[in-house]
Amino acid sequence: GYKCKVNGDCILVGDLQGVECLEGMVITCSGIQPSYHADFAMNCVFYDFFNDVIVDKTGKAVADILANRCRLPCARDQWSSWLDINGCRVLFRYYKFLVRGYEHDEAEMSYIASRLLDCWSNNTQETIATGKESLGISP
């Protein structure tokens, strides 16, 4: 069997240094919630077992998956709601995807960088702790 570790919203199955590893986050998402409740558009894909179809809630998820792109799941006028719902951990997760080679939008990255700097300015220690947890770094 594989080791399984849950740390907050993050889940790790296997070993990060091993060949077989699955890392992600526990996502609870409803098809009726506004899209800004999700972390990124690529994670707004559902499978309807009854009708055997993929449901792309934002209309961007499948294209983002195919393009290896990390994009916010909502319109620009909802970005502050997205951050309010997801908290600063999602800002760190965004960069985690970019480090893995995901494509990005310059305006979104500018917004995320600005909000991350705001978090650091307003609550340095909590932001550092959140960042470490979001990136899987042990305290």
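**Close-ups around helix α3**

**View 1. Y94 is a buried residue, with 0% relative accessible area.** The model shown here is predicted. With a relative accessible area of 0%, Y94 falls under the 20% cut-off, so we call this residue buried. Its neighbour in the next view, F40, is buried too.

**View 2. F40 and Y94 make one of the aromatic pairs in this structure.** A search through the whole structure turns up 8 aromatic pairs. In the one formed by F40 and Y94, the rings are tilted, with 6.1 Å from centre to centre and 45° between the planes. This pair ties together distant parts of the chain: F40 belongs to the loop between β3 (21–25) and β4 (45–48), while Y94 is in helix α3, 54 residues apart.

**View 3. Y94 also pairs with Y95, this time edge-to-face.** Here the centres are 5.7 Å apart and the planes make an angle of 90°. Y95 has 25% relative accessibility, so this residue counts as partly exposed, whereas Y94 is buried.

**View 4. Step back a little and a cluster of rings comes into view.** Ring pairs join F40, W82, Y94, Y95, F97 and Y102. One member of the cluster, F97, has company from a charge: the charged end of R100 sits over the F97 ring, 5.7 Å from the ring's centre.

**View 5. K96 is a buried lysine in helix α3.** The helix covers residues 89–99. K96 counts as buried because its relative accessibility is 15%. And where does the side chain of K96 reach? It gets to the backbone oxygen of S134, at 3.5 Å.

Methods:
Residues numbered from 1 in each chain as written. Predicted model: local features only at pLDDT ≥ 70, side-chain atom pairs only at ≥ 80, totals over all residues. Heavy atoms only, no water. Helix = DSSP H or I, 4+ residues; strand = E, 2+ residues; numbered from the N terminus. Buried < 20%, exposed > 50% of the residue type's maximum accessible area, 1.4 Å probe, protein only. Polar contact = N/O pair within 3.5 Å; in protein donor to acceptor, adjacent residues only side chain to side chain. Phe/Tyr/Trp six-rings, centres within 6.5 Å; stacked < 30°, edge-to-face > 60°. Lys NZ or Arg CZ within 6 Å of the ring centre and 35° of its normal.
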